[in-house]
Amino acid sequence: MAVRTIQWKNNRVIMLDQRLLPAREIYRKYRDYTGVAQAIRDMVIRGAPAIGVAAAMGVALGALWVRGKNFDREIERIFGTLQKTRPTAVNLFWALERMRRVYSEHRSQGIDAVKRRLKDEALKIYEEDIAANRELGKIGARFVRNASRVLTHCNAGALATAGYGTALGVVRAMKETGRNVEVLVNETRPFLQGARLTAWELGKDKIPVTLLTDNMVGYVMQKGKVDAVIVGADRIAANGDVANKIGTYGIAVLAERHHIPFYVAAPTSSIDLNCPSGSEIPIEQRNPREVSHIFNRAIAPRGVRIVNPAFDITQHELISAIITEKGVITPPFQHNIRNYVHHQ
Ligand code: MRU
């Protein structure tokens, strides 16, 4: 796909501003980590793996500008700021942890050496994410054999990763192997990632896509129009519970009711063995204005009480399989998931 979600170029981080899609394709250039942190918070860039890559590049970028005397204190400030941007996607903390390890291991070699190492590591995280998505796409396409009508939620595509995508990576791999595949996508209120981003990036790749509002899922399943559900993940707990975009849980319940397989496609960097179950995963609560307003226009009476959780938890019992770059994890997840993650 021609679109570049995030790039490192001439010691700058460049991101496609996803808030403006599909109307405008504007690339923003960041020269400091505070801008990168703000971009993550404001959802210029979003999607778990992409957030991880952005945070890693943010550290590398921040380090470039730090001068000798207060180096260690400044680096701590950079880590601290990036850590506080968004709480749910574990890829953010996973990437920062990798950057911290590189920092500790190479600090003794001097400031210039450590700056170089941090940049190399951020680029490695970027490259590895694309490779993992391609691999999980291939594995997923082989595994999800009899499905051609795939329902997805939110955006787990190239825009949510360094490239290629997770759930949409599986779809792309299906297409690349000559299969007929079409996607149904929910608009994904309140931020509209499905309508604005998934429909847009699939259109660019000429993959047939049909847009639904979030409350139409039961209808299309009842009509027999869905062969499989494939979604991404922001964090996968040790027992296989999955945090993903708000609304995912309801889709999983409907899928079970209609005997439709429900798959999660995610790199192993989304697995958090330190969370025993979904109830320990922190759920981001976002600004109520995202619910009360659409494109700056009020759609609810002023002062009405509003909830705006950005994610929900789908319990592992509702998940048929988790597709990763290391293979497909099948139930019992509590037991099987550990064979796929060695680094925690
Ligand atoms: O709030 P967002 O847009 O960052 O949420 C994104 C999702 O929930 C995605 O499904 C998830 O991060 C997986 S992306 C490969």
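Here is a friendly exchange about the ligand site and a few backbone details of this predicted model.

Me: What should I keep in mind about the numbering and the model?
Reply: Residues count from 1 along each chain as its sequence is written, and side-chain values use heavy atoms, without hydrogens or water. The model is predicted, with local features needing pLDDT of at least 70 and side-chain atom pairs pLDDT 80 or more, while totals for chains, interfaces and linings use all residues.

Me: How do you know which residues surround the ligand?
Reply: A residue is near the ligand if one of its heavy atoms lies within 4 Å of it. There are 19 such residues, and Ala 48, Arg 86, Asp 234, Asn 244 and Lys 245 are the closest.

Me: What makes the pair between Lys 245 and the ligand a polar contact?
Reply: The term asks for a pair of N or O atoms within 3.5 Å. A side-chain N or O atom of Lys 245 is 2.7 Å from a ligand oxygen, so the pair qualifies. Arg 86 also qualifies, with a side-chain N or O atom 2.8 Å from a ligand oxygen. Gly 47 uses a backbone N or O atom instead, at 2.9 Å from an oxygen atom of the ligand.

Me: How much of the ligand does the protein bury?
Reply: Taken alone, the ligand exposes 410 Å² (Shrake-Rupley method, 1.4 Å probe), and the protein buries 99% of that.

Me: Why is the space taken by the ligand called a cavity?
Reply: On a 1 Å grid over the protein atoms alone, a cavity is a set of points where a 1.4 Å probe fits but cannot get out. The ligand takes up the largest cavity.

Me: Which helix and strand supply at least two residues each to the shell?
Reply: They are α2 (48–64) and β9 (242–245), with helices being DSSP runs of H or I of at least four residues and strands runs of E of at least two. Domain 1 (6–132) and domain 2 (144–343) each give the shell at least three residues, the bounds coming from an automatic or database domain assignment.

Me: What makes Pro 22 and Asn 10 worth a look?
Reply: Most peptide bonds are trans, and most residues other than glycine have a negative phi. The bond from Leu 21 to Pro 22 is cis, with omega near 5°, and Asn 10 has a positive phi near 45°.

Terms used
A polar contact is a pair of N or O atoms within 3.5 Å; within protein, one must be able to donate a hydrogen and the other to accept it, and residues adjacent in sequence count only if both atoms are side-chain atoms. On a 1 Å grid over the protein atoms alone, a cavity is a set of points where a 1.4 Å probe fits but cannot get out, and a pocket is an open set with protein on both sides within 12 Å along at least five of seven lines; lining residues have an atom within 4 Å of a point. A molecule sits in a cavity or pocket if more than half of its atoms lie within 2 Å of its grid points.
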